[in-house]
Amino acid sequence: MSDLFAGEGTCVRLDDGVAYLPAHALPDDDALLEALQGILSAAPLRHMVTPGGLAMSVAMTNCGEAGWVSDRQGYRYAREDPVTGRAWPAMPALFRALAATAAAAAGFAEYSPDVCLVNQYVPGTRLSLHQDRDERDFAHPIVSVSLGLPATFLLGGLQRRDPARRLPLGHGDVLVWGGPARLRFHGVLALKDGLHPQLGARRINLTFRRAL
Ligand code: SIN
Ligand code: FE2
């Protein structure tokens, strides 16, 4: 792939079921960040605890009909935010539309996510290899939108021991995985120091799921 041809409007099929859409979210970045502010004030970022009792280094929150949560009882989707005791903030129409256009470009028509997990990374934060498998129906893809500092995404295989390819994901980049790739292991290497003009020393990732 040549940099000359990578940019807004491009859809690179990386593997069966995996598509990389560089800068797909860039035209909407200010509006996305403004909508995100509303979500973060209604449902603050927090460090969830793993079933084993360790605080996760990624800070998380959600919007949509349910939210992904982890605590001593395990991983699941919950309709209420355990921190506020209220429903999660609604998914902004712009979020929904962005996820749907990215999924369609990747070959997944009529994607209608009901959950958006918001992950915040600061320098040093990493996310270890895992599968997204708490959703009810794996027929729906995962759509991931990166904002802020660049990160190295690890895209493994269907087995934890499979080699992982390294994908650089920058501000506005979108990655979609579904179909035969839906249960591929993935993670994020430790975030490097830096300052992003809009987000400062942070990376925010939005992952859209059809969970319920
Ligand atoms: C995730 O796997 O939930 C997040 C991936 C990312 O931050 O790029
Ligand atoms: Fe994930």
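In this predicted model, an oxygen atom of ligand 1 lies 3.1 Å from an N or O atom in the side chain of His130. Two further side chains, those of His186 and Asn205, also place a polar atom close enough to an oxygen atom of ligand 1 to count as a polar contact, for which the limit is 3.5 Å. The distances are set out below.

| Side chain | Partner | Distance |
|---|---|---|
| His130 | oxygen atom of ligand 1 | 3.1 Å |
| His186 | oxygen atom of ligand 1 | 3.0 Å |
| Asn205 | oxygen atom of ligand 1 | 3.3 Å |

Taken alone, ligand 1 exposes 260 Å², and the protein buries 98% of that area.

The residues around ligand 1 include the three contact residues His130, His186 and Asn205, together with Asn119, Tyr121, Leu127, Phe153, Val188, Arg203, Thr207 and Arg209. By class, this shell has four nonpolar, five polar and two charged residues. Strands S6, S7, S12 and S13 each supply at least two residues of the shell, and S13 gives the most, with four residues.

The space taken by ligand 1 is the largest pocket of the model. About 590 Å³ of space lies in this pocket. Its lining comprises 32 residues, and those nearest the pocket centre are Met56, Trp68, Leu127, Ser128 and His130. Of these, Leu127 and His130 also belong to the residues around ligand 1. The lining divides into 14 nonpolar, 10 polar and eight charged residues.

The strands that contribute to the shell also contribute to the lining: S6 (115-121), S7 (127-130), S12 (186-188) and S13 (203-209) each supply at least two of the lining residues. His130, which makes one of the polar contacts with ligand 1, is thus also among the residues nearest the centre of the largest pocket.

How values were computed:
Residues numbered from 1 in each chain as written. Chains lettered and ligands numbered in written order. Predicted model: local features only at pLDDT ≥ 70, side-chain atom pairs only at ≥ 80, totals over all residues. Heavy atoms only, no water. 1 Å grid on protein atoms, 1.4 Å probe; cavity = no way out; pocket = protein on both sides within 12 Å on 5 of 7 lines; lining within 4 Å. Points joined across faces, edges and corners; volume = space filled by probe spheres on them. Nonpolar A, V, L, I, M, F, W, Y, C, P; charged D, E, K, R; others polar. Near = heavy atom within 4 Å. Polar contact = N/O pair within 3.5 Å; in protein donor to acceptor, adjacent residues only side chain to side chain. Areas by Shrake-Rupley, 256 points an atom, 1.4 Å probe, with all protein chains shown as cover. Sits in = over half its atoms within 2 Å of the grid points.
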